[in-house]
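Dear colleague,

I am handing over the structure we spoke about, together with some notes to read beside it. Please open it first and keep it in view as you read on.

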Amino acid sequence: MKHVTEFRNPEVVRKALAQIKAMVTRPWVIMEICGGQTHAIIKNGIDQLLPKEIELVHGPGCPVCVTPLEYIDKAICIAGRSEVIFTTYGDMMRVPGSDLDLFRVKSQGGDVRIVYSPLEALQMARDNPDKKVVFFSVGFETTAPNSAMAIHQAAVENIPNFFVLVSHVRVPPAIKALTKSPHNRIQAYLLAGHVCTIMGWEEYVGISELYSLPMVVTGFEPVDLLAGIAEVVRMLESGQVDVINRYSRVVKKCGNQPARALVERVFRIVDRKWRGIGSISQSGYELAEEYAPYDADKHFGLESIDVDEPDICISGVILQGLKKPFECPAFGKECTPQTPLGATMVSSEGACAAYFSYNRHLNDQQATQDTTQYE
Amino acid sequence: MSDETQSEGLTCPAPLMKYDTIQLSHGSGGLLSQELTNNLFRPAFDNEYLSRLDDHALVTVGSSRLSFSTDSYVVSPLFFPGGNIGSLAVHGTVNDLSTGGARPLFLSAGYIIEEGFPMADLWRIVDSMREASLKAGVKIVTGDTKVVDRGKADKLFINTAGIGLVEHEHEIHGGNLQPGDDIIVTGHIADHGIAILAAREELSFQTSVQSDSAPLNKLTLDLVETVGAKIHAMRDPTRGGVAASLNEMAAASSVSVCLAENQIPVRPEVQSACEILGFDPLYVANEGKMLIIVDHSSAENALHRIRQHEYGKDATIIGRVTEGNRGRVVLRTALGGERIVDMPVGQQLPRIC
């Protein structure tokens with residue numbers, strides 16, 4: 001744990017905060033693109049410690065949140081079939097589809113299993129030749145290489161009973177779309193350290209220049225986050241536009257090249273719908289022609305499923321950073337982690353779940369009163 | 001992004017509010033479990049003993065005050081580092097009785113066994129129960145065995161119930177938290193849950209973490225005898241972890257609780273596993289820990305006594321009960337921020353990346 005605790009050192013955090021306070025002269029709006037960063041910020045109370053001039057807006061970087069409803073429905077449809085073992089990352093289990101979620105499919109007899117890696121699903125396919133093993137492949141560029149490896153391996157070994165339901169998304173087109181929006185308030189970005197670990201950060205240089213956006217590749221521990229915020233504030237205050245890497249112990253400019261090569265081979269870039277946001281050009285992956293036999297969408301004949309998203313919750317507005325979760329009338333009432341209306345409440349990385357779990361919507365005065373008594 | 005995607009008329013299906021069937025989360029010790037208890041069991045069996053909703057019932061028979069409790073054990077795998085389903089079934093019920101400061105005396109043991117279960121495993125498990133009951137000083141005095149068709153149960157389930165004698169007159173229960181009380185935990189949290197996860201075959205990660213499964217009755221009895229009425233409540237934070245137990249007690253007592261993150265003892269290997277799995281140790285199960293809520297004036301004395309015991313060496317004060325009637329649990333983070341530690345919904349879900 002030493003390698004983690006040193007990046008949570010309260011003394012270093014205090015110094016970084018003081019540095020940020022000394023630099024800030026006016027209000028800035030900064031988006032952390034990644035849901036993991038949103039969670040770390042709120043879990044550690046970092047947003048409360050920052051000077052009030054700095055507003056952190058929580059971006060759409062939660063893979064669970066942005067998986068479109070029709071893919072949840074497709075997953076549910078496949079998972080209910082008797083010949084299928086359906087495998088998924090844990091937090092997709094509770095995402096509500098049109099009628100059901102995967103937990104309920106499981107309680108109705110569907111064979112739904114949580115895995116940590118698609119390679120586990122591939123092993124299940126080897127072990128259960130009489131079953132069709134389907135992996136629900138969601139996530140950003142971070143999880144795409146794992147899926148690419150499993151699919152590639154399945155092809156090499158000619159495993160006929162392994163399939164993937166692919167709903168991967170890419171970060172750069174989302175940043176472009178957010179920036180082009182007439183409602184855009186974001187002045188700078190903290191780039192997602194995990195995504196950049198795979199992809200590097202070359203592809204952000206053009207976006208940064210084109211839209212005059214300072215960007216900082218940022219990690220996930222408190223010290224990393226504050227280093228990223230300090231760098232971005234420094235750039236904003238000095239008018240510098242650039243992409244700077246403050247997660248260099250992990251991220252290289254060119255990323256992880258073998259992983260990128262595999263992703264480029266197995267997937268091709270397509271337009272992709274984002275739940276709550278709509279279609280974004282060139283923002284997703286689907287299987288390349290060569291790997292089409294592994295496409296669950298095609299194998300089970302579900303390509304025609306297209307679902308209009310009902311209009312109860314405002315997760316789209318929240319994903320775009322236009323509103324805070326507690327500004328939604330359903331937040332904490334009809335919509336809780338137990339009864340999520342939208343995926344932003346389901347995933348532990350989702351902005352609504354992060355706010356709900358840590359009760360950011362409650363009266364801050366009362367919270368302060370509760371804790372000061374302990375000191 | 002087109003203009004129409006900027007409107008508020010976006011996304012999301014109707015919520016899945018009503019459950020026509022039982023979900024795994026109904027048994028997780030979180031909000032869904034609570035709903036089941038509050039909406040079904042409590043009104044159905046409505047009486048003054050049940051309504052306290054402690055881990056045990058305090059009943060009076062003649063002139064004796066008795067503590068009575070039951071628990072079922074469905075752990076998988078049956079054998080794990082630090083114990084097995086048998087020792088767990090003894091410790092769990094002994095500890096439930098201990099939360100009221102009772103002297104556990106008698107247990108029952110009911111077995112539901114799947115056809116084809118290896119006899120050698122059953123012997124090992126029963127032998128662990130013998131050892132565990134000896135160590136805890138309780139007698140297993142009655143039992144039952146049922147065998148079901150292969151596939152109709154997962155290998156072996158055990159139910160134990162227990163009776164203990166309450167030899168004190170103090171009010172020790174989850175509704176008795178008072179502002180100013182200190183909160184002690186008797187050692188490192190989250191060991192059991194992580195040990196079980198690591199022991200499951202489908203998870204390919206290895207750790208040296210052992211379950212903390214242990215009987216706590218000697219420790220709690222000693223406290224009741226020495227610190228007495230200054231002990232206001234005790235609870236063993238099993239399913240749902242420290243977070244669920246503190247939320248339940250804070251709500252039952254109409255007070256708030258404030259925890260200090262840097263005081264909460266978590267082993268580095270458990271913390272690491274939680275980081276990898278995306279779990280919060282506050283929500284992970286314990287089977288050999290007690291949360292002890294004690295009047296501030298006696299906290300140091302209680303802590304000193306607890307640390308004399310085999311299972312209390314790493315005991316520490318992790319927080320304090322505060323004014324405020326919202327039943328809230330607030331955590332002061334190591335960095336000086338704060339957050340609410342809420343009641344868990346269902347089981348924790350591993351995060352995607």
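The notes below take up a sheet in chain A and then the domains of chain B.

Please keep in mind that this is a predicted model.

In chain A, six strands form an open sheet, and if you follow them across in order you will meet β4, β3, β5, β6, β11 and β10, with pairing that is mixed. The edges of this sheet are taken by β4 (111-114) and β10 (267-274) of chain A, and because each of them has a single partner strand, one side of each is left without a neighbour in the sheet. From one strand to the next, the twist averages 25°. Within the sheet, β5 (residues 132-139) and β6 (residues 162-169) of chain A pair in the parallel sense over seven bridges, and in this pairing A:Ser137 stands opposite A:Val166 in β6(A).

In chain B, the domain assignment gives domain 1 (54-166) and domain 2 (182-340), and the C-alpha centres of these domains of chain B lie 23 Å apart. Where they meet, 22 residues of domain 1 of chain B are in contact with 21 residues of domain 2 of chain B. On the domain 1 side, the elements that give two or more residues are α2 (85-98), β5 (103-114) and α3 (119-136) of chain B, and α2(B) gives the most, with eight residues. The residues on that side of domain 1 of chain B divide into nine nonpolar, nine polar and four charged.

With best wishes

Terms used: Residues are numbered from 1 along each chain as its sequence is written. Chains are lettered from A and ligands numbered from 1 in the order in which they are written. This is a predicted model: local features need pLDDT of at least 70, side-chain atom pairs count only at pLDDT 80 or more; totals for chains, interfaces and linings use all residues. Two strands pair if DSSP finds at least two bridges between them. Helices (H or I, at least four residues) and strands (E, at least two) are DSSP runs, numbered from the N terminus. Axes are lines fitted to C-alpha atoms, for helices over the stretch in contact, and angles run from 0 to 180 degrees between N-to-C directions. Domain bounds come from an automatic or database domain assignment. Two residues are in contact if their C-beta atoms, placed from the backbone, lie within 7 Å. Ala, Val, Leu, Ile, Met, Phe, Trp, Tyr, Cys and Pro count as nonpolar, Asp, Glu, Lys and Arg as charged, and the others, Gly among them, as polar.
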